Structures are given as structure tokens and as C-alpha cells.
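Open the model in your viewer and switch to a cartoon view. The tour goes from stop to stop, and each stop says what to select and what is found there.

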Amino acid sequence: LRRVEDLAAAGLVPAESVAAIDRAAEIFPVAVTPHLADSMSPGDALARQFVPEAGELTRAAADLDDPIGDEAHSPLRGIVHRYPDRLLLTPLLACPAYCRFCFRRGHVGGPDAVLSEQELEAAFSYIEQHPEVWEVILSGGDPLMLPAKRLAAIVARLSAIPHVAAIRIHTRVPVLDPARVTPMLLAALATEKALNVVIHCNHADELNAPASAACRDFVKAGIPLLSQTVLLRGVNDDADTLVALMRALVANRIKPYYLHHPDLAAGTAHFRVSLARGQELMRQLRGRLSGLCQPSYVLDIPGGFGKVPVGPCYYAGGQVADTGGRTHAY
């Protein structure tokens, strides 16, 4: 579903709101997979993530066009090199569905979304010329949207670079379009290097039966799974929802990795919570969840300075009483 009219026909947008929402859809692309459309109801946590709304046209004073500094740290098309030992390789800027809060929402889905062979080769040459690059992160867009043959060629090319020890893939395909996870796609990820897949998942409802089956296929193929989640107002900004999500991830053999504070992407202020609220939620998770279920709460500092942990301080020193009533200084 790529038009607001398609969403209205599916009952996900009120007919009287089509004209107003259309203006937002003209600026930021719309795509909702059939699997996703079947999984959501109007106004629920899934619909809020993918169905456009007129509020996206409102620009807050803090909004930035390049909130995490991609442009300033992109020496050539397809490469974002913000950290010394790792970089992003973005072979395409297309996704199975478009998140309304995405910090790259103004750059995805265009007619030149896929790197040409020449651009991809230039990106490989850049990696070869930078021996400090220990890890390459395939991102985008969503790299698992690539044909299996092209994806296999990229993984093989990276695997042949001696100083690249780890390959990471960031994707939403398993939860947004699980039918894409085929034996051919999994075979394309075969490598002797360390390869990890990080699945972006924001709500336990995303891990329905088809998505869980797709995740199990990665595990059966010997590919470790981690997760990243964005803290979003109206989607997952309460402790019960986050507890359910983190437990669902671990139950599907996905290790919670990052809980991202929302970025200052233009037109996304309605999704943002305060840092204080996020820290309070992390305090609540600490007492209720197994350590296996604890993500790192991080803020991507605007301007390309990178992710920093912003979780609460649980203990600042002093005296603690043990179960026998004795006090101990730390």
C-alpha cells in the first residue's frame, strides 16, 4: 500500500482525513506491506508507526534535517563513517515499509535508491583503504530488500577484506515482510566472518507467528540475532509494553541491544518523550526484567557525535544495608 487512498481503502485512514494526510505523504514516502496491514488496526501501536498523519507537517524548533550527522560523515555515496573502527555501508535506500519516525525519512524511497555497480565498488575500495575499519554495518534502507544474489556478492566482497572481522546487518524485514526470509536469502549471508543481524522491533505485536518463524529461520541458520528499539510516544512508552517486548524478543532468541531515545528528525516531535521519562522507564525495567532482557538506553547526539548511554544512575555510592541489617560502605 503506497498511497493514502490505499490505506483508506484498507480501513487504516478515515476517508475525511485523506486530503490532509496526503500532504504529508507527498513529502515522506508511504509503504505498508500486506503482512503489516493485516497485523494492524486503526490507531494501534503498529498503525501509529507506519500510517502517516497530518502532524508530520509540523516542524518543531528542535527539528533537524540531518539529526545524526550522516551527511557530514559521508565521504562518498553509500558510506557513513562516524566511528573509527566501524562504518555503515548503505547499498540501497528502500524499505519494505516506511517508519514515520525515521531519521532518514527524507532520503529513502527515491528513484536512485540503489547504488550502481560503480558506486558500490567505490565503497568497497574506501573500506579496503581504511584498515582501521573492523566492522561493516549493512544498513539503508533495508539491505534484506536486495535480491539474494546481490546480497551474497556484497557479503562475499566484505568477507574478502582481511581487516573486516565483523559484518552486521540492520533490518526490519523479518517483522515487516517475513515472507522475504527464504532459504536463498539466508544462504546469501553465509560467511566465515562474524555476522550478526540486528532486528528493529518496537512492539511485541510485531513478533506475531510469521515474524517469529522468520526469526527462528535465522537462528537455525546459525546467525545471532540482536534487536534495536526506538522509544516512541503512543507506541511503547510505558513499562508494561516494554517488558512485554523485551521478553518477546528473548523468547524468540533475540538479545535486546539498544533502546534508542528518539532522534530530532523533522516532523516527528509527536513521537518524542523526554530523557527523564526514558530513564524512569529504564529504572522500572531493571527491577522487573532478567538481565538478558535489558537493552542499553542510548542517545544519538545530534551532529554525528555518536551514541552515548543515557540510562539512569542506579547507585551513586554511600551505605547499603544487607539482609542481616548490617550496613556496608561503597
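Begin with the sheet of this predicted model. Select its 9 strands: they form an open sheet in the order 1-2-3-4-5-6-7-8-9, and the pairing is mixed. Which strands stand at the edges? Colour strand 1 (79–83) and strand 9 (306–309): each has a single partner strand, so one side of each is left without a neighbour in the sheet. Look along the sheet next; from one strand to the next the twist averages 30°.

**The end of the sheet with strand 1**

Select strand 1 and strand 2 together. A hairpin with 2 residues in the connection joins strand 1 to strand 2. The two strands pair in the antiparallel sense, over 3 bridges. To see one position in this pairing, show Ile-79, which stands opposite Leu-89 in strand 2.

Now keep strand 2 (residues 86–89) and add strand 3 (residues 135–138). Do these two pair in the parallel or the antiparallel sense? They pair in the parallel sense, over 4 bridges. Two positions are worth labelling here. Leu-87 stands opposite Val-136 in strand 3, and the bridge partner of Leu-88 in strand 3 is Ile-137. As a general point, strands of a sheet pair through backbone hydrogen bonds, either parallel or antiparallel. Turn on the side chains as well: in a regular strand they alternate between the two faces of the sheet.

From strand 3, move to the loop between strand 3 and helix 6, where Gly-141 lies. Select Gly-140 and Gly-141 and look at the bond that joins them. This is a cis peptide bond, with omega at about 15°.

**The end of the sheet with strand 9**

Select strand 8 and strand 9. They run antiparallel and are joined by 4 bridges. Show Leu-299 to find a facing position: Val-308 in strand 9 stands opposite Leu-299. Strand 8 and strand 9 also form a hairpin, with 4 residues between them. In the turn of this hairpin, pick Gly-303, which has a positive phi of about 100°.

**Helices on the sheet**

Add helix 9 (residues 209–220), which packs on the sheet. Which strands does helix 9 touch? The helix touches strand 5 (194–200), strand 6 (225–230) and strand 7 (254–260), and its direction makes about 140° with that of strand 6.

Then add helix 11. It lies across strand 7 and strand 8 (296–301), and runs at about 160° to strand 8.

**Helix 10 and helix 11**

Keep helix 11 (residues 275–288) and select helix 10 (residues 239–251). Their axes come within 10 Å and cross at roughly 55°. The two helices are therefore oblique to each other, and their crossing is right-handed. Show the side chains where they meet: Ala-239, Asp-240, Leu-242, Val-243 and Arg-247 in helix 10, and Leu-281, Gln-284, Leu-285 and Arg-288 in helix 11. By class, this contact has 5 nonpolar, 1 polar and 3 charged residues.

From helix 10, follow the chain into the loop that leads to strand 7 and select Arg-253, which lies in that loop. Arg-253 is not a glycine, yet its phi is positive, at about 65°.

**Helix 5 and helix 6**

Select helix 5 (residues 117–128) and helix 6 (residues 148–159). The axes of this pair come within 11 Å and cross at roughly 20°. Helix 5 and helix 6 are therefore roughly parallel to each other. Their crossing is right-handed. Glu-117, Leu-120, Glu-121, Phe-124, Ile-127 and Glu-128 in helix 5 meet Arg-150, Ile-154, Arg-157 and Leu-158 in helix 6. The residues of this contact divide into 5 nonpolar, no polar and 5 charged.

**Aromatic rings**

For the last stop, look for aromatic pairs, of which the structure holds 2. Select one of them, Phe-101 and Phe-271: the ring centres are 5.7 Å apart and the planes stand at 75°, so the pair is edge-to-face. Where in the chain do Phe-101 and Phe-271 lie? Phe-101 is in the loop between strand 2 and helix 5 and Phe-271 is in the loop between strand 7 and helix 11, so the pair ties together parts that are 170 residues apart in sequence.

Technical notes
Residues numbered from 1 in each chain as written. Predicted model: local features only at pLDDT ≥ 70, side-chain atom pairs only at ≥ 80, totals over all residues. Heavy atoms only, no water. Axes fitted to C-alpha atoms, helices over the stretch in contact; angles between N-to-C directions. Parallel < 35°, antiparallel > 145°, perpendicular 65-115°, else oblique. Left-handed = near helix turned anticlockwise from the far one by under 90°. Contact = heavy atoms within 4.5 Å. Nonpolar A, V, L, I, M, F, W, Y, C, P; charged D, E, K, R; others polar. Pairing = 2+ DSSP bridges. Phe/Tyr/Trp six-rings, centres within 6.5 Å; stacked < 30°, edge-to-face > 60°.
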